Amino acid sequence: MQRCVVINRRSALTLVWIFVLSGIRQSQTDEVETKASTNDNGNSNEVAPYILRNFNETTQHVSLCQNSANTSCNELHFPCIRCLYNYTCHYGQDVYVNCSALYHVECLGSRWFWHQMNCRYCYQTEKWQQKCVLKGSCNSVNGQYYKTNCTVNSDVFCLGNRSFSRNIKCNWTQGYRWSTAVIISLTLGGFGADRFYLGHWQEGIGKLFSFGGLGVWTIIDVVLISLHYLGPADGSLYI
């Protein structure tokens, strides 16, 4: 005897919706797993991240350090090396810093080494340890100062920026000799030759036509030139 199972419409619709939702969830799960496997395969071929370096700086360093292949690494100077400084050191104290040759520099021996230095900032180094841009448009006679850019020498180890600004006393010459100016003033000063030699053209013309101020102007100029009080008109110093 066969038995019949009676199912009403509500139960049938419920069963259909259950099967449909189960199929949708299964398809979403398969899609997620497929993407994850794809990402894993793609990541397996990726290279570890690295730091990009300044191309212009690297090119400059290569040109300055290209002849260092036969030099010991601990004998290299800037900009071929990089050091780890201790900014908590006391001023004037002798300390050791850990330095290394840059990655593109070829040298002999260990690339890491220690170097002794005096604890101070680069702008506090001695004047003979610096190279500054000199200017000739200032007045040297009046002791004028001008602001310029300076850089410490490559063999100097110091804290902070290696290039900085500082005030320098104007000290330049155009070839005027003090001895020549004195001799001209003693011999031809009455005709204004000393003033012409130093570039004071207007005073020279006045001195010429006044015959040296009847001798008074001539004596005054001899004293002024002898004491270095009267110098070249362009503000330069005597040789």
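**Exercise 1.** Which cysteine forms a disulfide with C122, and how far apart are their sulfur atoms?

*Solution.* This is a predicted model, in which local features need pLDDT of at least 70 and side-chain atom pairs count only at pLDDT 80 or more, while totals for chains, interfaces and linings use all residues. Residues are numbered from 1 along each chain as its sequence is written, and side-chain values use heavy atoms, with hydrogens and water left out.

Step 1: the partner of C122 is C158, with the sulfur atoms 2.0 Å apart, where a disulfide is a pair of cysteine sulfur atoms within 2.5 Å.

Step 2: C122 lies in the loop between β3 and β4 and C158 in the loop between β5 (145–152) and β6 (163–169), so the disulfide ties together parts that are 36 residues apart in sequence; strands are DSSP runs of E of at least two residues, helices runs of H or I of at least four, numbered from the N terminus.

Step 3: the link of C122 and C158 is right-handed, with 85 degrees about the S-S bond.

**Exercise 2.** Establish which side of helix α7 is buried.

*Solution.* Step 1: within α7 (residues 216–226), T218, D221, V222 and I225 are buried, that is, under 20% relative accessible area, with exposed meaning over 50% and partly exposed in between (1.4 Å probe, protein chains only).

Step 2: these residues lie on the same side of α7 because they cover an arc of only 105 degrees around the axis, taken from the directions from the helix axis to the C-beta atoms.

Step 3: V216 and I219, on the other side of α7, are exposed.
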